[in-house]
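Visitor: Got a minute to walk me through this one? Pull it up and start with the pocket.

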Amino acid sequence: MPSLRPTLLRLGCDLVWATTWLADANECVAPLLGLPPLPVLGFPDADRTWVASHHPGPALLHTVEASTGLTGQDLATIASWLHTVA
């Protein structure tokens, strides 16, 4: 997993945790990926509704399958989206 660190940091966007792990992501997951502590977003039940009303710019809510974790395809999807909004 640490090999994802350079790829994630090269995306050129602000990384945040938007996960049910909440602040535990900084203690449990970030060290495994070699990432620094990241801001944690606590979303209410309706994620898309909250983002639409609180985030003025483009936003991508991308779900990572818990059974597989972050994959190359996830990263390609995110990078492609970032390219379209840049």
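Visitor: Which element gives the largest share of the lining of the largest pocket?
Guide: That is α4, with 5 residues. Keep in mind that the model is predicted.

Visitor: Which elements give two or more residues to that lining?
Guide: α1, α2 (24-28), α3, α4 (47-54) and α5.

Visitor: How many residues line the pocket, and which lie nearest its centre?
Guide: The lining has 46 residues. Nearest the centre are Val-16, Trp-17, Ala-18, His-62 and Val-64.

Visitor: And how much space lies in there?
Guide: About 1,800 Å³.

Visitor: How does the lining divide into nonpolar, polar and charged?
Guide: 34 nonpolar residues, 8 polar and 4 charged.

Visitor: Switching to the core. How many residues are in the largest nonpolar one?
Guide: It has 13. Those with the most contacts inside it are Leu-4, Leu-8, Leu-11, Trp-17, Leu-33, Leu-35 and Leu-75. Two or more residues each come from α1 (4-10), α3 (30-33) and α5 (72-85). The largest share is from α5, with 3 residues.

Visitor: What is Leu-4 in contact with, leaving aside neighbours within four places in sequence?
Guide: Leu-33, Leu-70 and Leu-75.

Visitor: Now cysteines. How many disulfides?
Guide: The count is 0.

Visitor: Are Cys-13 and Cys-28 buried, exposed or partly exposed?
Guide: Cys-13 counts as partly exposed because its relative accessibility is 30%. Cys-28 is at 37%, so it also counts as partly exposed. Buried would mean under 20%, and exposed over 50%.

Methods: Residues are numbered from 1 along each chain as its sequence is written. This is a predicted model: local features need pLDDT of at least 70, side-chain atom pairs count only at pLDDT 80 or more; totals for chains, interfaces and linings use all residues. Side-chain values use heavy atoms; hydrogens and water are left out. A nonpolar core is a set of buried Ala, Val, Leu, Ile, Met, Phe, Trp, Tyr and Cys residues joined through side-chain atoms within 4.5 Å. Buried means under 20% relative accessible area, exposed over 50%, partly exposed in between (1.4 Å probe, protein chains only). Helices (H or I, at least four residues) and strands (E, at least two) are DSSP runs, numbered from the N terminus. Contact means heavy atoms within 4.5 Å. On a 1 Å grid over the protein atoms alone, a cavity is a set of points where a 1.4 Å probe fits but cannot get out, and a pocket is an open set with protein on both sides within 12 Å along at least five of seven lines; lining residues have an atom within 4 Å of a point. Grid points are joined across faces, edges and corners, and a volume is the space filled by probe spheres set on the points. Ala, Val, Leu, Ile, Met, Phe, Trp, Tyr, Cys and Pro count as nonpolar, Asp, Glu, Lys and Arg as charged, and the others, Gly among them, as polar. A disulfide is a pair of cysteine sulfur atoms within 2.5 Å.
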